[in-house]
Amino acid sequence: MDVGNLVLFFLAGLSIAAVLFIVTAGLSLVFGALRVINMAHGSLYMIGAFVSWFVIVHLANALFGFWAALLVAPLITAIIGAVVEIFVLKPVYGKEHLLQLLGTYALTLIFAGLVRKVFGADVRSISAPAALNSSVPIFGHGFSVYQLFLIAVAVLVAAGLYLLLNRTGLGRNIRAAISDPQLLSTTGVNVTRLFTIVFMIGTALAGLGGVLVSPTSSVDPGMDSNVLINAFAISVIGGLGSLVGSLVGAVIVGLILSFGFAYPPTAHYAIAFVFAAMVIVLTIRPWGLFGRAEQ
Amino acid sequence: MSLLVEKLNVHYGKSHVIFDLDLSMADSEVLTLLGRNGAGKTTSLLGILGLVPGTSGTVSIAGSDVSALPTYRRSQAGLAYVPSGARCFPNLTVLENLDIAAQRRSSSNGAAPARWNKERVFELFPALAELKANLAGGLSGGERQMLAVGRALMSNPKVILMDEPTEGLAPVIVQSIGRLVQQLKQTGVGILLAEQNHQMALKVADRAAFMEKGRIVEEMPATQAVNSEVLHRILGV
């Protein structure tokens with residue numbers, strides 16, 4: 001394998017990491033503030049991908065379809081998120097974690113059923129928008145412009161989340177909620193509404209990930225659990241609740257998958273390598289590379 | 001009247017922990033709540049704040065009934081809280097800890113006793129001004145106590161609930177907290193001071209209420225409580 005190939009697999013790994021980071025950041029943000037592990041996070045990613053397919057195929061012409069989907073799908077998943085947070089999660093806050101897990105797991109079954117009912121079980125595919133549907137030469141090989149676009153979007157999302165959390169009043173309130181929601185309510189902040197907003201941001205990120213991935217993989221009813229497994233692996237490696245952890249974990253998992261699939265002898269084990277990495281991190285640092293040990 | 005509490009009852013699950021608590025505080029009055037550990041002082045404050053679910057009774061702040069309102073609305077109506085251990089947001093800077101209480105303060109319920117802002121808080125606590133950009137988690141106990149009080153003031157409260165502000169602090173700092181309570185009283189704010197340190201509390205308070213097993217058992221002017229038989233009987237000093 002020459003240098004050009006290495007660079008190519010590296011970039012391909014980063015483009016896998018890009019989508020995984022966006023999805024995991026949403027999962028992690030929600031866990032950090034609400035202390036809820038949203039099992040239905042992958043379902044919202046799947047819904048994002050199906051909404052993307054629907055918008056592109058039915059509602060708009062091919063030129064604007066993808067860009068419209070990029071706005072519409074996160075909006076829809078954010079609204080679904082608000083409904084879920086208000087009607088499913090609010091009643092079980094402060095109760096045992098098992099109730100939250102069961103509640104959001106029930107949602108994964110409901111969403112999976114609904115998606116099958118509405119869209120059928122067919123595997124669909126979408127092509128990248130015309131403006132990005134080409135390749136650029138890198139070390140003499142062609143590399144997809146769309147995959148570079150994914151990396152750029154992930155960088156923008158990371159920067160946006162950083163600015164949101166560290167430079168805005170909303171972000172300051174979210175950080176305060178992460179450390180002490182009860183104290184926050186005594187300072188006059190409506191924590192109930194803040195939690196809904198945080199959950200909506202989280203599910204919007206899941207939806208965004210679903211749109212972004214749709215031109216690079218098939219859109220099918222099994223994609224919810226696939227992404228959730230990877231997002232959990234990333235969370236464990238990077239540390240649940242840490243954005244930097246999500247970023248580093250996503251890059252590690254993206255590169256493992258990309259290089260794992262690159263060689264025929266290891267291709268079958270690529271996903272196993274991800275879990276091997278997870279086991280190693282769990283053994284050395286059970287709270288993840290950037291997580292904090294629970295007091 | 002800065003704070004009026006009538007027949008406040010608190011239940012934790014099946015156990016009844018606060019019984020028919022009645023409190024009334026005039027503007028700029030300091031009322032100290034004295035009692036041994038477990039007498040129900042902290043729980044009473046949490047009940048007034050609306051932070052414990054099994055609470056019944058009436059709570060009014062500056063004349064408006066907030067009994068049906070969630071905690072954040074009570075805060076907006078003029079109720080501020082300085083929790084025990086000077087709890088702050090450790091992962092936020094000193095400045096952010098103050099800013100967080102400055103948002104969304106209501107101006108509808110008449111003029112607050114004093115208008116507080118960051119500049120005035122830093123005038124009151126010059127040491128905090130030096131630490132503006134530091135994370136609250138790295139402050140000393142005394143500095144955190146200043147920050148907790150500063151945060152309470154930033155919401156322009158009509159009444160401040162203080163839960164054992166002197167707990168675990170050095171005698172010099174205890175004295176300065178005593179002076180601080182008197183200073184705040186001058187600005188027109190009412191202070192409900194739950195304390196174990198009865199010497200400091202009775203020095204700065206106008207009235208004292210003694211709690212035992214979730215009930216207020218005696219109430220009297222602070223001057224009368226000093227060295228009283230009640231003090232010896234209830235606090236065992």
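This report describes the fold of chain B, from its overall form to two of its strand arrangements.

The model is predicted: local features need pLDDT of at least 70, side-chain atom pairs count only at pLDDT 80 or more, and totals for chains, interfaces and linings use all residues. Residues are numbered from 1 along each chain as its sequence is written, while chains are lettered from A and ligands numbered from 1 in the order in which they are written.

**Confidence and overall form**

The predictor assigns the complex an ipTM of 0.92 and a pTM of 0.92. For chain B the mean pLDDT (the predictor's confidence in each residue, from 0 to 100) is 91, and 95% of its residues reach 70 or more.

Chain B contains ten helices and ten strands; helices (H or I, at least four residues) and strands (E, at least two) are DSSP runs, numbered from the N terminus. Its radius of gyration, 17 Å, is close to the 18 Å given by the globule rule for 237 residues, so chain B is as compact as a globular protein of that length. The radius is taken over C-alpha atoms, and the rule is 2.2 Å times the number of residues to the power 0.38. Of the 237 residues, 48% count as buried, meaning that 20 or more other C-beta atoms, placed from the backbone, lie within 10 Å of the residue's own.

**Strand 7 and its neighbours**

Five of the five residues of strand 7 (residues 159-163) of chain B are buried, so this strand is largely enclosed by the rest of the structure. B:Val159, B:Leu161 and B:Asp163 point one way, and B:Ile160 and B:Met162 the other way. In a regular strand the side chains alternate between the two faces of the sheet.

Strands pair if DSSP finds at least two bridges between them. The table lists pairings in chain B.

| Strands of chain B | Sense | Bridges |
|---|---|---|
| 6 (residues 79-82) and 7 | parallel | four |
| 7 and 8 (residues 190-195) | parallel | five |
| 4 (residues 54-61) and 5 | antiparallel | two |

B:Tyr81 stands opposite B:Leu161 in strand 7, and B:Met162 has B:Leu193 in strand 8 as its bridge partner. From strand 7 the chain crosses through helix 7 (residues 171-186) to strand 8, a right-handed β-α-β crossover: with the strands pointing away from the viewer, the path from the first strand over the helix to the second runs clockwise.

**The antiparallel sheet**

Four strands of chain B form an open sheet in the order 2-1-4-5, with antiparallel pairing. Strand 2 (15-25) and strand 5 (64-65) stand at the edges, each with a single partner strand, so one side of each lacks a neighbour in the sheet. B:Ile61 stands opposite B:Ser64 in strand 5.

Technical notes
Buried ≥ 20, exposed ≤ 12 C-beta atoms within 10 Å, placed from the backbone.
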